Amino acid sequence: MIERDILSGLQRGQRLALVTIVDKSGSAPRLPGSKMVVTADGSQHGTIGGGRLEHSARQAALEVAGGGPARLLEYDMRGTDGDADMVCGGVQMILVEALVPEQAGLFAAALSCLDRGGRGLWRIDITRPDAPQRSFIDLDQQADVLPEQDLAALLRRRVTCLLESDGRTLVLDPLPASGTVVLFGGGHVSLEVARLADYVDFQVVVCDDRQEFANPDRFPMARGVHVLPGFADIESTIPLHEECYLLILTRGHSYDQEVLAQALRTPARYIGMIGSRKKRDLVYGNLRQQGFGEADFARVHCPVGMAIGSESPREIGISIVGELIAARAGAL
């Protein structure tokens, strides 16, 4: 996660250049909010799409990291100047700003908000593009900030936007989508999913009814590991909120059914259950007798994962995490 790279550099006393796509029109390689960090010695974290655009922005970033003023750059990729290397079809606006060690506290606050699953937003005033003013807003503590903006919709989309407000030009940049993957079942597939989900910046929580399958030694990447006898009364142990992605991968149909009945009563963003269509129909049939209906079952991805012909636990893990990424991006 690029915010961690930034904080680490600032805590070491480095001056950094942060390159952010703040607006686009038409087709472009990356969306607003895409970032890369460049240090004065040329080290780089992240990408804004590669190619000539990134090379040009990197050159500007080296100047800013070396002490130059911030810059707001516009790249026309419609091919109107005969440049065959930049013909994506759109226009991108890119902010190159300096970050200095005195801002380490801002990034520490942002990461604290992110780690606890909070709602946070960067506000960057670029009315003077050569001297942008960056601040961090913890929306769980400052809910009335920018009342004229639908911040809830902005956070759901997780898309950076450029706007005018009270004569100021502002960039509103939500914290990156991470989400919490809650794995019910700690078997072979869960282990592969946990590794991959952690790799793509999900937070991971694991639950099983067996100590040998639910412990920090088996899941060192997990934020939390819980032993839940019978998978009963889950929410008394794990708060399940709108940024949760629930994966039901237990060792038996009855446990899957027990977890699914509880999952359907939560606002979780995603619910997936492993198994065949025959198993799914059996579980759904039993849950209908408990009062659940078709609208409930429409929330469930079962069989879970993308149809890529996966067979081994690692391949199944890839198919599942691919689907989680799509859900997080709003592409499902």
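Student: How many disulfides does a search of the whole structure find?

Tutor: Zero. A disulfide here is a pair of cysteine sulfur atoms within 2.5 Å. Keep in mind that this is a predicted model, where local features need pLDDT of at least 70, side-chain atom pairs count only at pLDDT 80 or more, and totals for chains, interfaces and linings use all residues. Residues are numbered from 1 along each chain as its sequence is written, and side-chain values use heavy atoms, with hydrogens and water left out.

Student: OK, which cysteine sulfur is nearest to Cys-161?

Tutor: That of Cys-113, 17 Å away, and Cys-161 is in no disulfide.

Student: And what about Cys-302, buried or exposed?

Tutor: Cys-302 is buried, at 9% relative accessible area. Buried means under 20%, exposed over 50%, and partly exposed in between (1.4 Å probe, protein chains only). For Cys-302 the nearest cysteine sulfur belongs to Cys-207, 19 Å away.

Student: New topic: which residues touch the most other members of the largest nonpolar core?

Tutor: Val-182, Phe-184, Leu-246, Leu-260 and Ile-271, out of 27 residues. Such a core is a set of buried Ala, Val, Leu, Ile, Met, Phe, Trp, Tyr and Cys residues joined through side-chain atoms within 4.5 Å.

Student: Which element gives the largest share?

Tutor: H6, with four residues. Helices (H or I, at least four residues) and strands (E, at least two) are DSSP runs, numbered from the N terminus.

Student: What does Ile-271 contact, beyond its neighbours within four places in sequence?

Tutor: Its partners include Leu-246, Leu-260 and Val-300. Contact means heavy atoms within 4.5 Å.
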